[in-house]
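Dear colleague,

Please find below the structure that I am handing over to you. My findings follow directly after it.

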Amino acid sequence: MSALDGAERLRQPARVPRPDGAFSSGASWANWAASPVWVVDHLLRAAGIHTAPPPRPTSILHVPFHGGTAPSIGYLESMGAGWDLWTKDVVPFESAAEGGLDYLATAVYVPELLPVTRRSDGLWFEVWTDTRRNWPLQESLIQFQSSWEASAGGTTHYTALRVNFSTGALVAYCGTNADVTKNASVSWTWNPLKTPGCFHIGVWLTFSATGAPSFVPVVTPRDGSPQALNAGTFSNFPVPTGAMVTTSFGVQNMRAECFQVSQHTARPTTRAEVTQTGTWQRTASLDTPVFPLRAIPNVSGSAWDVITEIARATLATAEFDSDGYFRWRNHTRWTTAPTTPHVTVTSRRELAKLTATEEIDACRNHCTVKWQNWARVVASNIDTVRDSPSPIAIAAGATLTRSIPVDDDMLDPRAPRTAATDGAGSPNRISIRATTATTSAAVLGAVEVRVTRAGGMVTLTARNRSAATVYYHGASLLSLWTSDANKPVPSLWSAWNTNSQALYGVQTYEHDVKGWIQDSVSGRALAEALRNAGSFPPPLLQQVEILPDPRIELGDVVRVVDLTGAQIRTLAWVIGIRTSGSDGHVTQILTLRGTATNGTPADTGLTPDPPTRPGAPPPL
């Protein structure tokens, strides 16, 4: 009989998004499109291993905010200031964005699917929030906002909902002013919002046959029931026949996690429908995101291969514990020496044998990290792919699917906008017409367009939501790319310890992070972590055979007491466990790493040899 560990759930091909939304700015907050933790979280979610509520089956945009503004479904269009604060302290589930202290930190997205405005179903916007650690002198806000247009390049209409937790006010807006607070509004007050706590905020958005938007805000305390407020309708401010262009989310002075937009035939009403309670289980835990990524590197192999590569690059650990839960710990896991053990093993009972080495050969006192500097990378060009078939009919209610090959290193294209003319919205556009004739009228607000990508293949689907047949005349999709003049710069960061070098000589180590470190602060942190760990290496206890103890997990602290052989009494981390059985006997062998060094070599009574033989003649 053989058993498979949890890593077998991650053997599917790795697929990660490659957004270009951070390239619109060279500011430091734009570094946080993603992070190594964000990528690990994304790969786990794809395998059904969750840290927070997963995307709904009908989700068209899902942004976990677990160390990055990038969505797991949809496309990051751009990001403003304030996206460089991430925390695990007092959050709804795993980790969250904190936003600006006195301004809305806003990120703009293109959903995976662009919904039309004449539809029988509705859109469900939602996010989890926590206000228990807010700065009391500033207001705490979140804002959902969407932009709509009849055709590419036409007049933009905006719908938005702003929630002020400091005043308990919820305000919906509709109009053509880009500053949504200057448009027509409808407001509600729900005073329990002013009490610090964890809340699920949702809003149900529908459109009438004439395009009048209607908002139903729904507020749900963490352990309470959904509170649906009365509908607010903008009868005098209809949105024209068309489709969504973008959706944005903003947060100020509070914690926000798991923003998503999904389509539903009816408004969620029960607690399970509103908050997804009982529909998923949390089976993973991640450390606080500390290393930003402006661009997500290309990946290959299985999800577990990529997680392993990230762990090695960032000095993190990835493991499944005995309960089947996944745990990710960053490079700071070993920095604080413990004082108490989880388990004690002694030579009197548990300990059978061990081998102790001081790992002098493992000394590394001049450590260099090879990283790529993305600080100056901004978008400088547009990458375009086109699909130009003969006109294809899409019957009423039918869906057309097109597969478009793209270069593997191309960044992700976003869903295109319906064009009224051939040049409108260029080059990100789709052409839908009334007949096969290229001169026939453009059909607006009839087709919902979805774009997804898997490696070198982009799939475009066009669903006809109208009652008449329309014709697909082709599409062009864009993404941004950088010229050679704006490429990331290969960089090095070194850290060393002169005291260790005086004792052991200069022992160098070069660490290649394979694209997972992209700024100087992170490069320095890794170099210093390597130096601190390697300058005075602690003892290594190998082949530590003990009576099998299922309580021992990787990363635990074990007190080793051997008073019969090695004469040691020390604390050590468990860095390896091997359990085997034969002939009815179970053997457990640990690999342990000391929590402290044994001090510096004294060389008592020894005189080191000089580098050359005294009195030897000089070389010819």
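The lining of the second largest pocket consists of 13 nonpolar, 7 polar and 7 charged residues. This is a predicted model. The second largest pocket encloses about 610 Å³, and of its 27 lining residues, Arg15, Val16, Pro17, His42 and Arg453 lie nearest its centre. Helix H1 (36-46) and strand E29 (447-454) each contribute at least two residues to this lining.

The largest pocket has a volume of about 1300 Å³. It is lined by 40 residues, and those closest to its centre are Leu315, Trp334, Leu530, Ala533 and Arg593. By type, this lining comprises 22 nonpolar, 11 polar and 7 charged residues. Several elements each supply at least two of them, including helix H3 (303-314) and helix H5 (520-534); H5 gives the largest share, 7 residues.

Turning to the interior, the largest nonpolar core contains 49 residues, and Trp83, Ile142, Phe144, Ile201, Phe249 and Phe259 have the most contacts inside it. Strand E12 (residues 198-207) provides the largest share of this core, with 5 residues. A second, separate core has 40 residues, among them Ala34, Trp38, Ile296 and Ile517.

Finally, I would draw your attention to Tyr472, which lies in strand E31 (residues 470-481). Tyr472 counts as buried because its relative accessibility is 0%, under the 20% cut-off. Its side chain makes a polar contact with the side chain of Asp387 at 2.6 Å. Tyr472 also touches Ser431, among other residues; the two are 41 residues apart in sequence, yet their C-alpha atoms are 6.2 Å apart in space.

Yours sincerely

Definitions and conventions:
Residues numbered from 1 in each chain as written. Predicted model: local features only at pLDDT ≥ 70, side-chain atom pairs only at ≥ 80, totals over all residues. Heavy atoms only, no water. Core = buried A, V, L, I, M, F, W, Y, C linked by side-chain atoms within 4.5 Å. Buried < 20%, exposed > 50% of the residue type's maximum accessible area, 1.4 Å probe, protein only. Helix = DSSP H or I, 4+ residues; strand = E, 2+ residues; numbered from the N terminus. Contact = heavy atoms within 4.5 Å. Polar contact = N/O pair within 3.5 Å; in protein donor to acceptor, adjacent residues only side chain to side chain. 1 Å grid on protein atoms, 1.4 Å probe; cavity = no way out; pocket = protein on both sides within 12 Å on 5 of 7 lines; lining within 4 Å. Points joined across faces, edges and corners; volume = space filled by probe spheres on them. Nonpolar A, V, L, I, M, F, W, Y, C, P; charged D, E, K, R; others polar. Lists of a residue's contacts leave out its neighbours within four places in sequence.
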